[in-house]
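Good morning, colleagues. Please bring up the model on the screen, and I shall take you through two of its helical regions.

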Amino acid sequence: MKINLFKLKKQLGEQGISFCYSGPVSKDLMNEISEVFEQKMKMEDVNRTTVGKVFSMIVEQIENIMKYSDEIITDATLQEELRVGIIVIGRCEDDMFFVMTGNKIHNHKVDKMQKKLTTIHQMNQIELKQYYKQQRRKEPDKDSKGAGLGFIELARRASCPIEFDFEKINDTMSFFTITTKFKEASKCKI
Amino acid sequence: MQNLMIKATKDSPEINFDCSTHVLEIKGKMYPEDAGKFYAPVFQWLNGYLDQLEDQECVVNLEIIYFNSSSSKALMNIFDLLDDAAANGKNITVNWKYREADENILDSGEEYQEDVENLTFNLIQI
């Protein structure tokens, strides 16, 4: 097997991808990725609101892999585990920042997730705000490992509806992809 | 009662709750690994403090740079707790501080402000 890294880097660059990671994800890794991007955006004079939105998109999406990916690496004692996913961050032609993440999930979870995401996808920003506030006061679902607000938060942060996809891998697993985009509101310096 | 002091880390805020001056401060980034574990002592302290608070004015200063969705819920629970205490006659003021041109923190402050009824909830630009 021969991999040409320069070619791969060029291909990523052509698609506006400035960061790409595929493998096990940890909280420390997430902190570093979000912070390095925060620093990069600040150096590029991206305004404070945009930095906050993109930072939030990166955090919520990587947290989603850490909590819900069904591709799990564990040790013999099953005490520790790492969940596997893929993270891609970049900027597309129309100058939108984008964060794409993907991970494997069990097929039996697909329907519920699809319903949840479709509901959110169809809401406008006013409806999303109401839904967010309503869910924030509720006890999270049994199968939720956080506040159950991650997808709504993402939909509210992004400047266009979140895109998602489920691709069947085999009889047990599917591959889940979620993409969020944000367009920098104004170019003013802070 | 003792003060509650927690040092800031990269992903968790500085907590400085002083029961002698009645100034409670939360400062920094809020996305700790285990939100339940991180906020448990905060709620425990607050419950104890509000029980013994009499007619002194309590000021809660928040200077948050970022919070994730789990911390958003924890903050709502904190405000609900303070709002209930205010409904029972306690004198509580919340100062939600945001940096210039930070619409995210300003907008979320406004949303919390809409969701409380009895507290004095100020939005302050720093």
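The crossing of α3(A) and α6(A) is left-handed. Please bear in mind that this is a predicted model. The axes of α3(A) and α6(A), the latter being residues 150-157 of chain A, come within 10 Å and cross at roughly 155 degrees. Because angles over 145 degrees count as roughly antiparallel, α3(A) is roughly antiparallel to α6(A). Which residues make this contact? From α3(A) they are Lys53(A), Ser56(A), Met57(A), Glu60(A), Gln61(A), Glu63(A) and Asn64(A). From α6(A) they are Gly150(A), Glu153(A), Leu154(A) and Arg157(A).

Let me now turn to α2(A). This helix covers residues 27-43 of chain A, and at 1.5 Å a residue its 17 residues should span 24 Å. The C-alpha atoms at its ends are 24 Å apart, in agreement with that expectation.

Which residues of α2(A) are buried? They are Met30(A), Ser34(A) and Phe37(A). Viewed down the axis of α2(A), these buried residues fall within an arc of 65 degrees, and they therefore line one face of the helix. The general reason is that an α-helix has 3.6 residues a turn, so residues three or four places apart point the same way.

The cover over the buried residues of α2(A) includes β1 (17-25), α3 (48-68) and β3 (81-91) of chain A. On the other side of α2(A), the exposed residues are Asp28(A), Glu32(A), Val36(A), Gln39(A) and Met43(A). Finally, α2(A) is followed by Asp45(A), which has a positive phi, near 60 degrees.

Conventions. Residues are numbered from 1 along each chain as its sequence is written. Chains are lettered from A and ligands numbered from 1 in the order in which they are written. This is a predicted model: local features need pLDDT of at least 70, side-chain atom pairs count only at pLDDT 80 or more; totals for chains, interfaces and linings use all residues. Helices (H or I, at least four residues) and strands (E, at least two) are DSSP runs, numbered from the N terminus. The expected span of a helix is 1.5 Å times one less than its number of residues. A residue is buried if 20 or more other C-beta atoms lie within 10 Å of its own, exposed if 12 or fewer, and partly exposed in between; C-beta atoms are placed from the backbone. The arc is that of the directions from the helix axis to the C-beta atoms. Two residues are in contact if their C-beta atoms, placed from the backbone, lie within 7 Å. Axes are lines fitted to C-alpha atoms, for helices over the stretch in contact, and angles run from 0 to 180 degrees between N-to-C directions. Angles under 35 degrees count as roughly parallel, over 145 as roughly antiparallel, 65 to 115 as roughly perpendicular and the rest as oblique. A crossing is left-handed if the near helix is turned anticlockwise from the far one by less than a right angle, and right-handed if clockwise.
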